[in-house]
Amino acid sequence: MRSFTQLLAGAALALGLVSGAPAQAGQTFDAIKARGTLICGVNVGVAGFSLPDSQGTWRGMDADLCRGLAAAMFGDPAKVRFVPLTAVQRFTALQSGEIDVLIRQTTLTMSRDTSLGLRMVTVNLYDGHGFMVRRDANVTDPKGMDGMTICLSPGTTNELVTADWFRTNNLRFTPLLQERMQDNATSLQAGRCDAIGTDATQLAALRSQFQQPGNYVILPERFSKEPYGPVVRRDDQEWFDVVRWTVSALIQAEELGVNSTNLEAMKSSPNPDIRRLVGVDPLLGNALKLDPAWAVNVIKAIGNYGELFERHLGPKTAIGLDRG
């Protein structure tokens, strides 16, 4: 199996980039460079993914991926503006050019990739649809949810998965549709709905913020495969490449043992994959029309994939997720 750096290097060679032929940038890439700031669409507020802290600074895995892209483009993770978006708003904001990239717990699906004028880029996290219920409901099996009112966000795969599963099992439910997941959380705690249906990571994130999290149970069953990833417009293959290979670089860095604390030492590694990743060999940066140190800048800013996951979602966080 070929490594990430071998795959990207092969693409660069095929394009003649080694000989100095310039990469042709598209309108999004050029607009971001000219503006000097990346505009990144994120969730309006889900712990572990994108949630402003008490100082108004966006925290979470998605927020840091936005910073990583800014570091790749400009060498500075601070050159990013966050635009909070609901599930209903997210695709329109990207289509209209309000944002450059959407990194907002978005499931990559064929219908979205082929019908919206957008490109689903690559998977950065696998999740699955689940349900959270009140503990005093004494529900241990999803089939015990017959007749419940379930809080859902419209325009999500979760709305469809819930309807399909209840229909398949000849069960009834009443949907309570609200755009903001925080509104769903408030409704569950207030008794306006009996359960929330969404991806398991979001359920864990929501529960971590409840005043009495022990009063709520996330049922263990998963009813879908939800591959999350960034989304861009179909107007710029070069920008698509930057987003795709930046995420891939984080994963490859973890596999190669490159992290935010050993970058300088890794520059003297004899391993050609490591040397390409850390910019000693400038081939990868040239292929993306970026600085040779683009991946170093990303890893320095947000860590490799393992560091990113553990910092925001891992067992030592309030979310408390194990790597799957």
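Visitor: What makes His-129, Phe-131, Ile-150, Leu-152 and Phe-173 count as contacts of Thr-162?

Guide: This is a predicted model, by the way. Contact here means heavy atoms within 4.5 Å, and Thr-162 touches those five residues once anything up to four places away in sequence is set aside.

Visitor: Where does Thr-162 lie, and why is Thr-162 called buried?

Guide: Thr-162 lies in helix H6. The cut-off for buried is under 20% relative accessible area; Thr-162 has 0% relative accessibility, so the label applies.

Visitor: What makes the pair Asn-158 and Thr-162 a polar contact?

Guide: The limit for such a pair of N or O atoms is 3.5 Å. The backbone oxygen of Asn-158 lies 2.9 Å from a polar atom of the Thr-162 side chain, so the distance is within that limit.

Visitor: How do you know that strands E9 and E10 pair?

Guide: Pairing takes at least two bridges. E9 (residues 148-152) and E10 (residues 173-177) have five, in the parallel sense. Cys-151, for instance, stands opposite Leu-176 in E10. Between these strands the chain passes through helix H6 (residues 157-168), and this β-α-β crossover is right-handed.

Visitor: What makes that crossover right-handed?

Guide: The test is to look with the strands pointing away from you: a clockwise path from the first strand over the helix to the second is right-handed. The route from E9 through H6 to E10 is of that hand.

Visitor: Which strands pair with E8, and in which sense?

Guide: E8 pairs with E11 (residues 195-199) in the antiparallel sense over five bridges. Val-133 has Ala-195 as its bridge partner in E11. Three bridges join E8 to E12 (residues 216-218), also antiparallel, and there Arg-134 stands opposite Tyr-216. Both counts satisfy the requirement of at least two bridges.

Visitor: Why is E8 called mostly covered?

Guide: E8 spans residues 129-134, and five of its six residues are buried.

Visitor: What about Leu-94: buried or exposed?

Guide: Buried, because its relative accessibility is 0% and the cut-off is under 20%. Leu-94 sits in helix H4 (residues 87-95). Beyond four places in sequence, its contacts include Ile-99, Leu-118, Val-231 and Arg-233.

Visitor: How do you know that the length of helix H9 agrees with what one would expect?

Guide: H9 (residues 237-256) has 20 residues, so at 1.5 Å a residue it should span 28 Å; its end C-alpha atoms are 27 Å apart, which agrees.

Visitor: What caps the N-terminal end of H9, and what comes just after H9?

Guide: Asp-236 is the cap: one of its side-chain oxygens lies 2.9 Å from the backbone nitrogen of Glu-238. Just after H9 comes Gly-257, with a positive phi of about 80 degrees. From Leu-94 to Gly-257 is 163 residues in sequence and 35 Å in space, C-alpha to C-alpha.

Visitor: Why is the protein chain called as compact as a globular protein of its length?

Guide: The chain has 14 helices and 14 strands. Its radius of gyration is 21 Å, close to the 20 Å from the globule rule for 324 residues, so the description holds. The C-alpha atoms fill a box of roughly 65 × 40 × 40 Å along the principal axes, and 54% of the residues are buried.

How values were computed. Residues numbered from 1 in each chain as written. Predicted model: local features only at pLDDT ≥ 70, side-chain atom pairs only at ≥ 80, totals over all residues. Heavy atoms only, no water. Helix = DSSP H or I, 4+ residues; strand = E, 2+ residues; numbered from the N terminus. Expected span 1.5 Å × (residues − 1). Polar contact = N/O pair within 3.5 Å; in protein donor to acceptor, adjacent residues only side chain to side chain. Rg over C-alpha atoms; globule rule 2.2 N^0.38 Å. Buried < 20%, exposed > 50% of the residue type's maximum accessible area, 1.4 Å probe, protein only.
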